Amino acid sequence: MAAREGMQFAKELGLIALFWKTVKKIIHTMCFSLIALFDRLSFSKSKNPIDCCVIRTEGSCRLFSLDEVLTATNNFDDALVIGNGGFGKVYKGFIDNSATMVAIKRLNAESKQGAGEFWMEVMMLSNLRHPNLVALIGYCNECQEMILVYEYVALGTLADHLYKLNTTGSNTSFSPLSWEERLDICIGAARGLYHLHLGTSQRFIHRDVKTTNILIDENWVAKVSDFGLSKGPTSLSITHITTEVKGTFGYFDPEYFITQRLTAKSDVYAFGVVLLEVLCGRAAVDRKLGEEQMSLATWAQQCIKEGKLAGVIDPSLSGQIAPRCLKSFVVLAKNCLQKSPKSRPTMAEVLRSLELALVSQQRGRTERIMMKSFPSKIDRWLKEMKNISSSSGQSKDLLSFSEDPEIHFKHIKVAAKTGQIDEVERVTRESNFYDPKKTKKFLMKAKLRDAQPLINVCDRFGFVPELTQYLYLNNMLSDIEGYVQKVNPGNAPLVVGQLLDDMCPEDFIKGLILSSRSLLTIEPLVAEFEKRNRLQLLTQFLEHLVSEGSQDVHVHNALGKIVVDSNNNPEHFLTTNPYYDSRVVGKYCEERDPTLAAVAYRRGQCDKELINVTNKNNLFKLQARYVVERMDDDLWEMVLNPENEFRRQLIDQVESTEGNNLHQQKSWIPRRPINAI
């Protein structure tokens with residue numbers, strides 16, 4: 001009796017557990033629907049589409065239980081606190097059995113930020129993925145706790161590296177950033193903001209751009225963070241949003257502060273302040289200074305206007321900045337800080353200006369080094385080459401008599417370290433004996449001013465995607481263009497595929513393809529775009545080829561797929577274009593619109609394919625018309641075969657839709673009557 005009662009009790013416990021598990025899933029699903037209601041209640045004064053929109057986050061963002069968060073943070077142990085902001089404390093934590101390190105941000109009950117900022121960050125980061133945006137892993141919304149779980153970004157904030165070099169209360173200390181490191185970080189942050197503004201079909205505005213919201217990972221990649229005050233999404237046609245003024249003093253767009261009209265140019269203004277912080281090595285607002293110097297934007301612009309630029313530059317940068325780079329950087333900062341939003345550049349223009357400034361800096365550095373040290377380095381190089389030759393017993397040209405990979409690699413290494421770029425280029429192009437992987441790794445680390453030696457190695461030994469990623473991440477866009485246009489146009493599909501994976505701006509990719517169009521192989525190029533669902537980017541390029549008279553089947557296949565996906569009168573294209581492959585485009589249409597697949601197959605008289613797709617999708621009316629139009633005995637044999645399970649449906653459709661005409665016009669009838677087959 002007791003055993004039976006125990007079993008009954010266990011069964012009831014199991015049912016209760018199942019019930020609560022189901023309730024939890026329902027609550028999880030409902031919370032996303034409630035976001036929209038919350039936004040309407042919280043922002044009822046604003047009627048913009050941006051305030052009434054809910055982004056679906058199911059499947060793209062992990063829901064953590066409070067128990068998981070407590071375990072990850074050792075019950076919110078203060079020893080794990082790595083930051084403390086307006087939202088609350090940030091803890092370093094470990095999830096997935098300590099396999100993954102994360103940053104966990106917990107809302108403070110006394111914080112001025114609340115549920116609106118919390119859900120905005122969840123919604124935005126669940127749908128935005130970019131190398132220069134901090135990644136949201138998941139969140140917890142349980143027991144009145146609001147917690148966000150991010151990827152762990154190891155090296156802190158940009159502010160830490162600019163003017164918090166010796167962080168009090170911790171063991172953290174940083175050396176001053178070099179000027180090129182600062183430029184790279186600015187370029188990374190600009191890419192992240194560009195992606196927010198224009199990198200997707202929806203537009204987002206960050207609204208709190210500042211150095212403490214730019215994080216730096218272990219590879220020195222900048223990542224924009226903290227999207228709690230952001231506004232979005234909205235369509236690209238909306239120029240501004242009227243909303244309550246929020247942000248951080250020192251970074252406020254004056255126009256936004258006065259009119260409450262928020263635009264993407266408000267982020268540009270704040271980024272201009274960030275540029276000044278990078279140049280000056282001080283905070284946007286420093287209340288310890290006098291009134292004239294308290295605001296960095298006001299003080300720095302006044303000094304620049306008075307010709308006192310040298311007085312505002314961070315002393316740790318002394319002698320580092322090339323004159324042309326400094327001039328272009330200061331002009332960019334001034335343009336970002338224009339009072340009128342219309343006078344400010346877009347983030348795309350900011351990004352391009354920073355990339356050009358980095359090129360100027362690298363050229364200036366190389367020229368300065370070569371002028372100072374060329375004579376001594378060439379002497380040392382000759383001595384090292386002589387020592388290498390002596391140690392191997394050779395008195396003549398060492399490489400001509402050796403097939404030892406290590407000898408060839410050492411030759412490349414010494415030449416690179418002594419600035420003999422032409423020699424490095426020659427050996428990497430001519431030698432067949434150096435270790436390509438080892439040489440590639442060395443050249444990437446060396447970061448020579450000329451990328452041609454690395455291009456030689458990667459092109460010869462099949463490292464094109466790695467080469468492309470290296471050139472893009474190091475802002476060497478002209479070298480990418482040179483490789484595709486002059487070195488190996490046949491590898492353009494691999495180059496473009498990697499650029500798409502690295503989320504390179506679309507304008508650069510389009511320009512690269514258009515400028516090289518006469519050199520490109522169409523089929524593999526289209527394949528790279530298609531497997532990433534980015535065919536739409538090729539529209540301008542393909543239309544240009546057609547306007548030049550191209551009848552290439554791959555060009556017209558790709559155009560057909562684009563027309564089908566965009567629903568731009570696809571039936572007209574499929575019936576009138578004489579150049580596409582009906583089987584290829586028809587197959588593409590089958591999962592999207594079977595009726596269009598039938599149109600494509602009909603145009604190419606692809607009998608089997610048309611019969612299969614119409615049978616599969618019950619399109620017997622289309623099938624009947626096609627069979628009657630074709631008037632082909634073999635086709636009639638196929639569709640009226642007794643083993644065809646759809647035979648009866650076809651016969652019924654023929655008799656119901658064409659019956660009247662069939663009695664008057666007998667020419668379509670097969671040699672045997674329908675009912676006799």
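Which residues in H22 meet Val584, Val585, Tyr588 and Cys589 in H24? The legends below answer this and visit a few other spots in what is a predicted model.

**Figure 1. Helix H22 packs against helix H24.** Here is the answer to the opening question: Asn557, Lys561, Val564 and Asp565 are the residues of H22 that meet those four residues of H24. Two packed helices are described by the angle between their axes and the distance between the axes. For helix H22 (residues 553-566) and helix H24 (residues 582-590), the axes come within 9 Å and cross at roughly 25°. Angles under 35 degrees count as roughly parallel, so H22 is roughly parallel to H24. The crossing of these two helices is right-handed.

**Figure 2. Arg592 sits over the ring of Tyr588.** You have already met Tyr588 as one of the H24 residues that H22 touches. In this close-up, look for the charged end of Arg592, which is 3.6 Å from the centre of the Tyr588 ring.

**Figure 3. Phe76 and Tyr91 form a tilted aromatic pair.** The structure holds 10 aromatic pairs. In the pair of Phe76 and Tyr91, the ring centres are 5.3 Å apart and the planes are at 50° to each other. Phe76 lies in the loop between helix H2 (66-72) and strand S2 (81-84), while Tyr91 belongs to strand S3 (residues 88-95), so the pair ties together parts that are 15 residues apart in sequence. Are these two residues buried or exposed? Phe76 has 10% relative accessibility and counts as buried, and Tyr91, at 3%, counts as buried too. Phe76 has another partner to look for: Arg106 lies over the face of its ring, at 3.9 Å from the ring centre.

**Figure 4. Trp119 and Tyr139 meet edge-to-face.** Their ring centres are 5.6 Å apart. Why does the pair count as edge-to-face? The planes stand at 70°, and planes over 60 degrees apart count as edge-to-face. Trp119 comes from helix H3 (residues 115-127) and Tyr139 from strand S5 (residues 136-142), so this pair joins parts that are 20 residues apart in sequence. Both Trp119 and Tyr139 are buried. Ring pairs also bring in Phe118, giving a cluster of Phe118, Trp119 and Tyr139.

**Figure 5. The close-ups belong to a chain of 677 residues.** When you step back from the details, you can find 29 helices and 12 strands in the protein chain. Buried residues make up 48% of the chain. Among contacts between residues at least 6 apart in sequence, 61% join residues at least 24 apart.

Methods
Residues are numbered from 1 along each chain as its sequence is written. This is a predicted model: local features need pLDDT of at least 70, side-chain atom pairs count only at pLDDT 80 or more; totals for chains, interfaces and linings use all residues. Side-chain values use heavy atoms; hydrogens and water are left out. Rings of Phe, Tyr and Trp (its six-membered ring) pair if their centres lie within 6.5 Å; planes under 30 degrees apart count as stacked, over 60 as edge-to-face and the rest as tilted. Buried means under 20% relative accessible area, exposed over 50%, partly exposed in between (1.4 Å probe, protein chains only). A charge sits over a ring if NZ of Lys or CZ of Arg is within 6 Å of the ring centre and within 35 degrees of the ring normal. Axes are lines fitted to C-alpha atoms, for helices over the stretch in contact, and angles run from 0 to 180 degrees between N-to-C directions. Angles under 35 degrees count as roughly parallel, over 145 as roughly antiparallel, 65 to 115 as roughly perpendicular and the rest as oblique. A crossing is left-handed if the near helix is turned anticlockwise from the far one by less than a right angle, and right-handed if clockwise. Contact means heavy atoms within 4.5 Å.
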